[in-house]
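Biologist: I'd like to learn how to read a sheet and a core in a model. Can you walk me through this one?

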Amino acid sequence: MMKSMAVPSSKQHWPFSSSSTLDCPLRKTPLQLQSYINLSPSQSKSPFPSLSLNASKATSPQTQVAASPLVVVGSANADIYVEIDRLPKEGETVSAKHGQTLAGGKGANQAACGGKLSYPTYFVGQVGEDAHGKLISEALVDGGVCLDHLSTVSAAPTGHAVVMLQSDGQNSIIIVGGANMSCWPETLSDEHLKLVRNAGIVLLQREIPDLVNIQVAKAARDAGVPVILDAGGMDAPIPVELLNVVDILSPNESELARLTGMPTESFEQISQAVEKCHEMGVKEVLVKLGGKGSALFVKGEEPIRQPIISAAKVIDTTGAGDTYTAAFAVALVEGKSKKECLRFALQRHLSVFK
């Protein structure tokens with residue numbers, strides 16, 4: 001069992017219930033992190049409403065807030081979650097200690113974290129006309145996310161995933177794209193693009209078609225809205241057209257290695273791989289370094305490193321990377337310095353621990 005908190009791969013999974021108060025998209029018992037309550041949104045004007053974090057104190061289902069929203073465009077999955085001692089070998093069957101189906105997906109996770117941080121958050125995505133779609137919608141609403149731009153499609157099921165959690169807290173995931181990867185219009189609606197242009201910041205991931213991400217990123221860039229692309233998702237190379245219109249690329253070590261074809265075992269190797277990202281057109285790269293913390297590389301500047309923060313015990317790393325990226329985005333749109341953003345994100349991405 002690890003002795004310190006990791007900043008792991010950006011995976012998907014969060015089970016919100018009506019009793020979950022302040023934990024970001026992660027499983028087990030809510031952490032009741034009081035620091036979430038102290039997060040104050042920026043005071044810039046915005047025409048967009050946000051769901052109240054504390055529904056019991058809300059005077060209406062939606063309350064106007066003075067902040068440019070976080071807009072997350074991405075995936076939503078139903079996660080079939082199993083707890084096992086170890087991964088099965090080829091041809092082997094193992095028994096799970098526990099299993100359940102929970103709401104997740106990289107995009108939905110990030111939106112849920114924005115909502116749980118009490119920041120106005122919109123989610124743009126697709127679910128199927130099935131029970132899994134209803135599960136995801138209810139979980140996002142419970143998390144304080146506005147779903148005015150969530151579409152329900154009849155031609156594809158809700159995306160889903162098999163999440164295998166091992167006893168050391170690490171996980172392996174198999175994804176079935178479903179509505180996340182199909183039935184998107186060739187051209188996004190004016191309503192979706194208007195929301196993007198009026199955002200304070202936009203978060204993208206690679207569990208939806210590149211065509212969608214490119215349209216969103218171009219609309220945001222034209223409006224001067226910063227875009228963060230989480231590199232997690234498809235194994236395919238990221239199109240140069242997309243890399244040229246994102247402000248920050250956020251991979252973990254393995255995703256950085258896959259993207260660049262270079263080793264990422266040491267910080268020196270990671271720095272060299274990031275240089276290749278710069279050559280590909282990305283000016284800023286936010287790397288999640290697992291047990292070594294995180295680092296932000298800005299072209300032409302010295303990297304900013306954030307070490308790990310000690311935790312008594314890591315129980316589940318699923319969704320921690322998504323939480324990290326979303327928390328960084330919220331801090332950035334609130335005007336914090338890059339160094340403060342790194343610290344803020346690491347403090348609030350906590351995977352569930354004791």
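Modeller: Sure, beginning with an open sheet: four strands in the order 5-4-8-9, with mixed pairing. Before going on, this is a predicted model, where local features need pLDDT of at least 70 and side-chain atom pairs count only at pLDDT 80 or more, while totals for chains, interfaces and linings use all residues. Residues are numbered from 1 along each chain as its sequence is written, and side-chain values use heavy atoms, leaving out hydrogens and water.

Biologist: What makes strands pair, and which are the edge strands here?

Modeller: Strands of a sheet pair through backbone hydrogen bonds, either parallel or antiparallel. Two strands pair if DSSP finds at least two bridges between them; strands are DSSP E runs of at least two residues, helices H or I runs of at least four, both numbered from the N terminus. The edges are strand 5 (98-104) and strand 9 (171-176), each pairing on one side only.

Biologist: How many bridges join strand 8 and strand 9?

Modeller: Six, in the antiparallel sense, with strand 8 spanning residues 159-166. Ala161 stands opposite Ile175 in strand 9.

Biologist: And how do I read a nonpolar core?

Modeller: Look for buried Ala, Val, Leu, Ile, Met, Phe, Trp, Tyr and Cys residues joined through side-chain atoms within 4.5 Å; buried is under 20% relative accessible area (1.4 Å probe, protein chains only). The largest one has 42 residues, and Val71, Val202 and Leu249 have the most contacts inside it. Helix 4 (residues 210-222) gives the largest share, six residues. Apart from that core lies another, of 40 residues, including Ala108 and Ala329.

Note on methods
Buried < 20%, exposed > 50% of the residue type's maximum accessible area, 1.4 Å probe, protein only.
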